Amino acid sequence: AGPRKLLATRHRIWREPTPAESRDLRYGPGGQDGVPVPPFRFLEEHLAGSQPCVAVRDARDRLWRVKWGHEARPEAFAVRVASALGYFAEVTHYVVEGRIDGVGDLSRARGCVNDDGSFVEARFELEDRSVRMLFDEHSWSWDDNPFVGTKQLNGLKIVNMLLSNWDTKDRRDVSRGSNTAIFEYRVSRWSREARYLITDWGGAMGRWGNNIVSRGRWDPAGFEAQTPTFVTGVRDEWVTFGYQGQRTAEIARGISVDDVAWFYDYARRLTLASVRTGLLTCGATEEEATRFAVAIIERIRQLGEACGRVRKAG
C-alpha cells in the first residue's frame, strides 16, 4: 500500500440557510425526520453536568441525551433560531411528556422520571456517534478562532444577543464548562469539515446580565423589558448594544454597520408567525409565545434601523 493521504480540513462556522428554514421553526436542525420517536429505551444515567440527564435509544435506534430543568425550553428554541440563520446547532427537541422503558435505580434523575418511566418536560439532544470533537479542549474562544473579524462570527454574536443568551463561556472557561465546541464531520474520502458551534443555549430567553442577580432564563417580562435597549446606537461605523453577559466585551463590541446589514438580510426572514410557532413547539404557553415573538421581531427591526434598512412587513 502507498503512503496514506492526509485529510484536508475545512473550518466553518456558518452555511447559507434557505428561506424555508426561517418560515418554519417547528423542527429545527435535523428537520422533521430528526424528531425523537417513542418508545424510548433506558441505557444509563449521566452524573456529570449541572442538570439530571439520562441516555436513551428511540424507536429508530438513535441515541439521545435526555435532560430536565430550566434549560429545556430556551435551549430547544435557541437552536431553532440559530439553525434558521445559518449557524450549526445540535438536533434538540422539547418533549412535553413520554415514557422511558427499562428505567432502573436513578440518582439525580430520580425526581424527573416516575417509577413507571413516565416523565414530563424534557430536552432531547441527539448523540451522533459519527461526529467527533476536534482538539483536546473540544471548544473554541470568541477572541481566538479562524473567523475573528468576519461577518459570520459577528452574526453569531448577534444571535446570542438577540436571544439574550448571557452564558457565553468559551475555551478559556473549560474548568467551569465551555459552551462552545468544534465538531468534525468527514465529508468525503479525503476531506473533513470542522464546524464551530454553541452547544449550550440554556441561558437564553430571559434577562441578560453579568451577574446572577441581574440575569435570568425563560422570562418574557425580563426579555420585553430589555428589548428597548437591544440596540443602543450607532457610532461611526459601529453598532452598540445594551447586552451584558459572560463575555460582554467580546460579544457586544466590534460589530460594524456592515456586519449588522449582512445579518439583517437573513434575520428579516423570520416572521412573527414562524417565531411564535417555534416557541410553542418548545413548551411556551400561548401568552409566552406571543410576548417573546413580538419582542424578537422588534429587536430585528432595531437591527434594520441601525443599518439604515427598513424591515418588510410579515
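A good place to start is a cluster of charged residues: Asp 143, Asp 170, Arg 172, Asp 173, Arg 176, Arg 247 and Glu 250 are joined in a network of salt bridges. Keep in mind as you look around that this is a predicted model. Across the whole structure, a search finds 26 salt bridges, and a few of them will serve as landmarks along the way.

Let us turn to the barrel. Five strands close into it, in the order β2-β3-β4-β6-β5, with mixed pairing. Neighbouring strands of this sheet are turned against each other by 50 degrees on average, direction ignored. In general, the strands of a sheet pair through backbone hydrogen bonds, either parallel or antiparallel. Here β2 and β3 pair in the antiparallel sense, over five bridges. Within that pairing, Arg 41 stands opposite Arg 57 in β3. A helix belongs to this scene as well: α2 packs on the sheet, where it touches β5 (92-101) and β6, and its direction makes about 130 degrees with that of β5.

Several salt bridges can be found around these same elements. Arg 41 forms one with Asp 61, the closest N and O atoms being 3.7 Å apart. This pair links distant parts of the chain, since Arg 41 sits in strand β2 (residues 40-46) while Asp 61 sits in the loop between β3 (53-57) and β4 (63-67), 20 residues apart. How open to the surroundings are the two partners? Arg 41 has a relative accessible area of 43%, so it is partly exposed, and Asp 61 is also partly exposed, at 46%.

Another bridge brings together the side chains of Arg 62 and Asp 58, at 2.9 Å from N to O. Buried means under 20% relative accessible area, so Arg 62, at 18%, counts as buried. Asp 58 counts as buried too, with 6% relative accessibility.

The side chains of Glu 75 and Arg 123 meet in a salt bridge as well, at 3.1 Å from N to O. Here again distant parts of the chain are linked: Glu 75 lies in helix α2 and Arg 123 in strand β6 (residues 118-126), 48 residues apart. Are these two buried or exposed? Glu 75 is buried, with a relative accessible area of 2%, and Arg 123 counts as buried at 3%.

Now for the nonpolar interior. In soluble globular proteins, nonpolar side chains tend to be buried together. The largest nonpolar core of this model has 67 residues, and the members that touch the most others are Phe 77, Leu 163, Met 205, Phe 241 and Leu 279. Elements that give two or more residues to this core are α2 (72-84), α3 (151-162), β9 (191-198), β11 (238-241), α5 (248-252), α6 (257-267), α7 (272-281) and α8 (286-306). Which of them gives the most? That is α8, with nine residues.

To see the packing from one spot, look at Leu 279. Leaving aside its neighbours within four places in sequence, Leu 279 is in contact with Phe 77, Met 205, Trp 218, Ala 284, Ala 289, Phe 292 and Ala 293. Apart from this core lies another, of 17 residues, among them Phe 40, Val 56, Ile 100 and Ala 109.

Two of the helices that contribute to the largest core deserve a visit of their own. Helix α6 is mostly covered, with nine of its 11 residues buried. Among those buried residues are Val 257, Trp 262, Phe 263 and Tyr 264, along with Asp 259. What covers the buried residues of α6 includes α1 (19-23), α3, β10 (231-235), β11 and α8.

Helix α3 is mostly covered in its turn, with 10 of its 12 residues buried. The buried residues include Leu 153, Ile 158 and Met 161, and also Asn 154, Lys 157 and Asn 160. From its first C-alpha to its last, α3 reaches 16 Å, close to the 16 Å expected at 1.5 Å a residue. Just after the helix, Ser 164 takes a positive phi of about 55 degrees.

Our last stop is a hairpin, which joins β8 to β9 through four residues. The two strands pair in the antiparallel sense over seven bridges, and the bridge partner of Arg 186 is Arg 192 in β9. Strand β8 (residues 180-186) is mostly covered, five of its seven residues being buried.

How values were computed. Residues are numbered from 1 along each chain as its sequence is written. This is a predicted model: local features need pLDDT of at least 70, side-chain atom pairs count only at pLDDT 80 or more; totals for chains, interfaces and linings use all residues. Side-chain values use heavy atoms; hydrogens and water are left out. A nonpolar core is a set of buried Ala, Val, Leu, Ile, Met, Phe, Trp, Tyr and Cys residues joined through side-chain atoms within 4.5 Å. Buried means under 20% relative accessible area, exposed over 50%, partly exposed in between (1.4 Å probe, protein chains only). Contact means heavy atoms within 4.5 Å. A salt bridge is a side-chain nitrogen of Lys or Arg within 4 Å of a carboxyl oxygen of Asp or Glu. Two strands pair if DSSP finds at least two bridges between them. Axes are lines fitted to C-alpha atoms, for helices over the stretch in contact, and angles run from 0 to 180 degrees between N-to-C directions. The expected span of a helix is 1.5 Å times one less than its number of residues.
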